[in-house]
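Reader: I am new to this structure, and I would like to understand the words that are used to describe it. Could you show it to me and take my questions in turn?

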Amino acid sequence: MEDELARIAREQTEPLQRMTLALRCIRKALAQLFHHLDQHPFPDQKDEIHFFKVVKPQFYGPYLFEVMRYHLVAGSPVGDDEQLRAYYLDELRFIQRGLRQHTFLYQYYRLGARELDELYFVRGVSVQSVLIPEVPELDQQFATSGDYLFSKFRACEMLQEYIAQALSKIGKPERPLYIRPGRNRKPLKWTGEQINSVELGYGLWLSGQLNDGEASLADIIYWLSESLDIDLSKHTGRFEEIKNRKILSQTHFIDRMQDTLRKYIDDLNGFQPLRKRKANRIGPRSRDH
């Protein structure tokens, strides 16, 4: 789903058309998810909590984000750069005010707390608390008290990242193309899975490879986005997916790079010209003879 949404974002410049296609894609993925859940009930409460706390917001969060993004873009002013910058900053403040209205639950979300999971992420549990505001009427078979808010928190963070990226581009010249001299050369562009580039970015950041370890994660993600022409505005959400991997290794892409590099080196070391192999078997001739 993420790769299809990234393709839609790249190819669709008209806001309404992008939202329509994106929501259709997400609804299809949600339908498949709920069908799987209907056919394969949760074996225990732990899996149920994980699904509604982590998995479902990975789908429904982007759904809410696409709707919020459409309204943001549709309402943007037609004017100079300063007007556009002021509009985006106002929208950021609006999002932050909304998050502050749910301070307790947002901190619960950010910290990955678990103490109240059985109240917020188990179906059929009614929470009578001012901490849980009214939410849209949802199918109780596939909803809990807290999963909608966690999805909304994810959508708000995605929108904040989108606005921050939009602000960084205001008044900025066209992206330079890094092309090696020669005929029929093409600019480099990331064509692998988006999540792999996020794993690479975090790896570069945590291992301190850039600017003597002083480069921030935001700087590195921006540099990768610009250099490789890939939209990484959702890198926070993608890293959450990396953290929550169960079947694949959490460092799946870097592990695969390591394996292919080792194989390449082993293949090179295993190939030696015939004359060199004979010399290696015989060894250097002693000067005493």
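Reader: Why is isoleucine 265 called partly exposed?

Author: The relative accessible area of isoleucine 265 is 39%. Buried means under 20% relative accessible area, exposed means over 50%, and partly exposed lies in between, with a 1.4 Å probe and protein chains only, so isoleucine 265 counts as partly exposed. This is a predicted model, in which local features need pLDDT of at least 70 and side-chain atom pairs count only at pLDDT 80 or more, while totals for chains, interfaces and linings use all residues. Residues are numbered from 1 along each chain as its sequence is written, and side-chain values use heavy atoms, with hydrogens and water left out.

Reader: Which helix holds isoleucine 265, and what is the pattern of the protein chain?

Author: Isoleucine 265 belongs to helix α11, residues 252–270. Helices (DSSP runs of H or I, at least four residues) and strands (runs of E, at least two) are numbered from the N terminus, and on that basis the protein chain has 12 helices and zero strands, giving the pattern α-α-α-α-α-α-α-α-α-α-α-α along the sequence. Of the 289 residues in the protein chain, 38% are buried.

Reader: What makes Leu261, Tyr264, Ile265 and Leu268 a nonpolar patch?

Author: A patch is made of residues with over 30% relative accessible area and no salt bridge (a side-chain nitrogen of Lys or Arg within 4 Å of a carboxyl oxygen of Asp or Glu), where like charges are joined within 9 Å and nonpolar side chains (Val, Leu, Ile, Met, Phe, Trp, Tyr) within 5 Å. Leu261, Tyr264, Ile265 and Leu268 form such a patch on the surface, and together they have about 410 Å² of accessible area, a quantity that comes from the Shrake-Rupley method with a 1.4 Å probe, where for residues only the protein chains shown count as cover.

Reader: Why is asparagine 211 called exposed, and what is its phi?

Author: Asparagine 211 has 58% relative accessibility, and because exposed means over 50%, it counts as exposed. The residue is found in the loop between α8 (194–206) and α9 (217–228), and its phi is near 55°, a positive value in a residue other than glycine. Most residues other than glycine have a negative phi.

Reader: How do you know that aspartate 229 is partly exposed?

Author: Aspartate 229 has a relative accessible area of 34%, which lies between the two limits, so the residue is partly exposed. Aspartate 229 sits in the loop between α9 and α10 (235–243), and its phi is also positive, near 55°.

Reader: What makes a space in the structure a cavity, and how many of 30 Å³ or more are there?

Author: On a 1 Å grid over the protein atoms alone, a cavity is a set of points where a 1.4 Å probe fits but cannot get out, and lining residues have an atom within 4 Å of a point. Grid points are joined across faces, edges and corners, and a volume is the space filled by probe spheres set on the points. The structure holds two cavities of 30 Å³ or more, and the largest has a volume of about 70 Å³.

Reader: Which residues line the largest cavity?

Author: The lining consists of Glu2, Leu5, Ala6, Ala9, Arg18, Gln194, Asp231, Ser233 and Lys234, and its largest share, four residues, comes from helix α1, residues 2–11.

Conventions: On a 1 Å grid over the protein atoms alone, a cavity is a set of points where a 1.4 Å probe fits but cannot get out, and a pocket is an open set with protein on both sides within 12 Å along at least five of seven lines; lining residues have an atom within 4 Å of a point.
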